[in-house]
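Hi there,

Here is the structure I promised to pass on. Have a look at it first, and then read on for what turned up.

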Amino acid sequence: MLMAHPVILSKLVEEYEALSVLNAEDGCREVRRRIEDLAYTLCVSTGTRDVDTALIAARHRLPGARPEDDSILMV
């Protein structure tokens, strides 16, 4: 499985969350396309099938994550 570098994962998560907070899915076509691309890339990079699970998995791979935390969804 492809494993993104933590810096890349961090940037993907940050951009996805920023666009989500701004309700980007209601924005122009280019912005909607970007959030869809980010969601897809997060899923591929984490080996998951939906963006919510991808975000959780990505956060657990970032520096400072607590691997003993059992809140991650089973994939």
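What percentage of the 75 residues in the protein chain is buried? Buried residues make up 28% of them. Please keep in mind that this is a predicted model, and that everything below was computed from it.

**The overall layout**

The protein chain has three helices and zero strands. Along the sequence, that reads as the pattern α-α-α. If you take the contacts between residues at least 6 apart in sequence, 43% of them join residues at least 24 apart. About 5300 Å² of the protein chain is exposed, and carbon and sulfur atoms supply 56% of that area.

**Helix H1**

Helix H1 covers residues 6-21. Its 16 residues, at 1.5 Å a residue, should span 22 Å, and the end C-alpha atoms are indeed 22 Å apart, so the two values agree. Which residues of H1 are buried? They are Leu-9, Leu-12, Val-13, Tyr-16 and Leu-19. Looking down the axis of H1, you would see these buried residues fall within an arc of 140°, so they line one face of the helix. Lys-11, Glu-14 and Val-21, on the other side of H1, are exposed.

As for what covers the buried residues of H1, the cover includes helix H2 (29-46) and helix H3 (51-61). After H1 comes Asn-23, which has a positive phi, near 55°.

**Helix H2**

H2 can be checked in the same manner. Its 18 residues should span 26 Å at 1.5 Å a residue, and its end C-alpha atoms are 26 Å apart, which agrees. The buried residues here are Ile-35, Leu-38, Ala-39, Leu-42, Cys-43, Ser-45 and Thr-46. They pack against H1 and H3. Just after H2 sits Gly-47, with a positive phi of about 70°.

**The core**

Which residues have the most contacts inside the largest nonpolar core? Tyr-16, Leu-42, Val-51 and Leu-55 do, in a core of 15 residues. H1, H2 and H3 are the elements that give two or more residues to this core.

Leu-42 is a good one to click on in your viewer. Leaving aside its neighbours within four places in sequence, Leu-42 is in contact with Leu-9, Leu-12, Val-13 and Tyr-16, and also with Thr-48, Val-51, Ala-54, Leu-55 and Ala-58. Among these partners, Leu-9, Leu-12, Val-13 and Tyr-16 are also on the list of buried residues of H1.

**Charged pairs**

Side chains of opposite charge can pair when their charged atoms come close. How many salt bridges does a search of the whole structure find? It finds four, and here are some of them.

- Glu-15 and Arg-34 form a salt bridge, with the closest N and O atoms 2.8 Å apart. Glu-15 lies in helix H1 and Arg-34 in helix H2, so the pair ties together parts that are 19 residues apart in sequence. Glu-15 has 30% relative accessibility and counts as partly exposed; Arg-34, at 35%, also counts as partly exposed.
- Arg-59 and Glu-17 form a salt bridge, and here the closest N and O atoms are 2.2 Å apart. Because Arg-59 lies in helix H3 and Glu-17 in helix H1, this pair ties together parts that are 42 residues apart in sequence. Arg-59 is partly exposed, with a relative accessible area of 38%, and Glu-17 is partly exposed as well, with 30%.
- Glu-30 and Arg-29 form a salt bridge whose closest N and O atoms are 4.0 Å apart. Both Glu-30 and Arg-29 are exposed.

**The loop between H2 and H3**

One residue to look at here is Asp-50, which lies in the loop between H2 and H3. Is Asp-50 buried or partly exposed? With 35% relative accessibility, Asp-50 counts as partly exposed. Asp-50 and Tyr-40 are 10 residues apart in sequence, and their C-alpha atoms are 8.3 Å apart in space.

Happy browsing, and best wishes!

Definitions and conventions. Residues are numbered from 1 along each chain as its sequence is written. This is a predicted model: local features need pLDDT of at least 70, side-chain atom pairs count only at pLDDT 80 or more; totals for chains, interfaces and linings use all residues. Side-chain values use heavy atoms; hydrogens and water are left out. Helices (H or I, at least four residues) and strands (E, at least two) are DSSP runs, numbered from the N terminus. The expected span of a helix is 1.5 Å times one less than its number of residues. Buried means under 20% relative accessible area, exposed over 50%, partly exposed in between (1.4 Å probe, protein chains only). The arc is that of the directions from the helix axis to the C-beta atoms. Contact means heavy atoms within 4.5 Å. Accessible areas come from the Shrake-Rupley method with a 1.4 Å probe; for residues, only the protein chains shown count as cover. A nonpolar core is a set of buried Ala, Val, Leu, Ile, Met, Phe, Trp, Tyr and Cys residues joined through side-chain atoms within 4.5 Å. A salt bridge is a side-chain nitrogen of Lys or Arg within 4 Å of a carboxyl oxygen of Asp or Glu.
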